[in-house]
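Here is a walk through one protein chain, going from the overall fold down to individual side chains. Have the viewer open as you read.

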Amino acid sequence: MQTVSENSRVPGTVDGSTGSAGPGSQEAELNRKLRQMSSIARHDINNQLTIINGYLSLLESGTMKSGDVVPILQGATGKIEHILRFTREYQELGAQPPAWQNVDEAVCSARATVDPGTVRFRQDGCNSWEIYADPLLERVFAGLIDNSLRHGGQVTEIQVRCEERQSRLVILYEDNGAGIPPAVRSSLFGHAKGKTGYGLFVVKEILAMTGLTITETGEPGRGVRFEIVVPEGSFRAAERKLSFSSCPVR
């Protein structure tokens with residue numbers, strides 16, 4: 001069993017403190033991510049403004065009727081609002097130092113922020129583990145749940161479980177929905193690509209803040225299977241176990 005004692009070095013630090021692994025390294029990486037976010041947001045907002053201005057010109061010239069144009073303009077403004085929400089969330093990356101977090105507790109907190117309706121949840125083997133991750137870990141699971149509800153088709157069950165594999169901890173997130181089409185998989189974690197929008201892009205970025213990775217290994221038509229890999233030294237036996245029956249839900 002991979003454990004970390006009270007005196008063990010915290011991942012990503014030099015001496016067990018909460019500082020970065022090298023002078024300015026975390027700050028430089030965060031600045032790179034924020035520049036990337038700004039570039040993405042500017043590009044996508046400009047695209048929507050081009051649409052708005054184009055259809056306003058058609059409306060002004062009488063080429064199109066207001067009844068046809070208004071839904072298109074509303075759609076474009078809605079997308080801009082979505083982009084701005086994304087930038088607000090993305091700016092929170094790295095705002096607080098990483099911390100040890102119970103995996104089950106993070107999943108339960110996510111369930112309280114995303115209404116799963118009648119979808120059944122199963123959580124297995126994760127209340128025994130804590131992982132060293134960005135405080136936004138809850139949003140990782142919220143993003144995965146939201147992805148299942150939006151794009152999984154008739155999802156009726158979601159399962160989150162943890163497995164030790166050699167010197168790593170693997171967190172498995174699965175649903176029984178439609179799965180990921182092969183044509184989408186290559187761009188699954190890209191920004192605003194495929195059907196997933198920014199959600200999975202943010203999920204990947206939150207995990208990457210502390211060296212965690214995520215891949216999708218499911219079979220089309222048999223549900224999604226996301227594997228979050230926690231490297232050696234970044235997980236330990238939980239000091240406090242959460243009772244599944246106490247998992248807060250809306």
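## One aspartate to start with

A good place to zoom in is Asp175, keeping in mind that this is a predicted model. A polar atom of the Asp175 side chain sits 2.9 Å from the backbone nitrogen of Gly177. The Asp175 side chain also makes a polar contact of 2.6 Å with the side chain of Ser148. In terms of chain layout, Asp175 belongs to strand β5, which covers residues 168-175.

Which side chain of opposite charge is nearest to Asp175? That would be Arg185, but it is 11 Å away, and Asp175 has no salt bridge even though it is buried. If you skip the neighbours within four places in sequence, the residues in contact with Asp175 are Ser148, Val155, Glu157, Ile158, Arg222, Gly223 and Val224.

## The overall layout

Now zoom out. The chain has 250 residues, and 43% of them are buried. Its secondary structure comes to six helices and eight strands, and reading from the N terminus the elements go α-α-β-α-β-β-α-β-β-α-α-β-β-β. Of the contacts between residues at least 6 apart in sequence, 75% link residues at least 24 apart.

Helix α6 (residues 199-208) has seven of its 10 residues buried, so the rest of the structure largely encloses this helix. The buried ones are Leu200, Phe201, Val202, Val203, Glu205, Ile206 and Leu207.

## The five-stranded sheet

Five strands make an open sheet with mixed pairing, in the order β2-β4-β5-β7-β6. The edges are taken by β2 (120-124) and β6 (213-216); each has a single partner strand, so one side of each has no neighbour in the sheet. Going from one strand to the next, the twist averages 15°. As background, strands of a sheet pair through backbone hydrogen bonds, in either a parallel or an antiparallel way.

Strand β5 runs antiparallel to β7 (residues 225-230), and six bridges join the two. One pair to look up here is Val170 with its bridge partner Val229 in β7. On to the edge: β6 pairs with β7 over four bridges, again in the antiparallel sense, and Glu216 has Phe226 of β7 as its bridge partner.

Which side chains of β6 are buried, and which are not? Ile214 and Glu216 point to one face and are buried, whereas Thr213 and Thr215 point to the other face and are not. That fits the general pattern, since side chains in a regular strand alternate between the two faces of the sheet.

## A loop residue with an unusual phi

Between β4 (157-165) and β5 there is a loop, and Gln166 lies in it. Gln166 isn't a glycine, yet its phi is positive, at about 55°. For context, most residues other than glycine have a negative phi. Is Gln166 buried or exposed? With a relative accessible area of 78%, Gln166 is exposed.

## Salt bridges

The whole structure contains 12 salt bridges. In general, side chains of opposite charge can pair when their charged atoms come close. One of the bridges is between Arg150 and Asp146, whose closest N and O atoms are 2.8 Å apart. Both residues are in helix α4 (residues 137-151), four residues apart, which is about one turn of the helix. Arg150 is exposed, at 61% relative accessible area, while Asp146 is partly exposed at 28%.

Back in the sheet, Glu174 forms a salt bridge with Arg225, with 2.9 Å between the closest N and O atoms. Glu174 is in β5 and Arg225 is in β7, so this pair ties together parts of the chain that are 51 residues apart in sequence. Glu174 has a relative accessibility of 16% and counts as buried, whereas Arg225 is partly exposed, at 22%.

Arg225 also meets the side chain of Glu227 in a salt bridge, at 3.1 Å from N to O. Glu227 counts as buried, at 11% relative accessibility. Through shared partners, salt bridges join Arg161, Glu163, Arg165, Glu174, Arg225 and Glu227 into one network.

Technical notes:
Residues are numbered from 1 along each chain as its sequence is written. This is a predicted model: local features need pLDDT of at least 70, side-chain atom pairs count only at pLDDT 80 or more; totals for chains, interfaces and linings use all residues. Side-chain values use heavy atoms; hydrogens and water are left out. Buried means under 20% relative accessible area, exposed over 50%, partly exposed in between (1.4 Å probe, protein chains only). Lys and Arg count as positive and Asp and Glu as negative; His and the chain ends are not counted. A salt bridge is a side-chain nitrogen of Lys or Arg within 4 Å of a carboxyl oxygen of Asp or Glu. A polar contact is a pair of N or O atoms within 3.5 Å; within protein, one must be able to donate a hydrogen and the other to accept it, and residues adjacent in sequence count only if both atoms are side-chain atoms. Contact means heavy atoms within 4.5 Å. Two strands pair if DSSP finds at least two bridges between them. Axes are lines fitted to C-alpha atoms, for helices over the stretch in contact, and angles run from 0 to 180 degrees between N-to-C directions.
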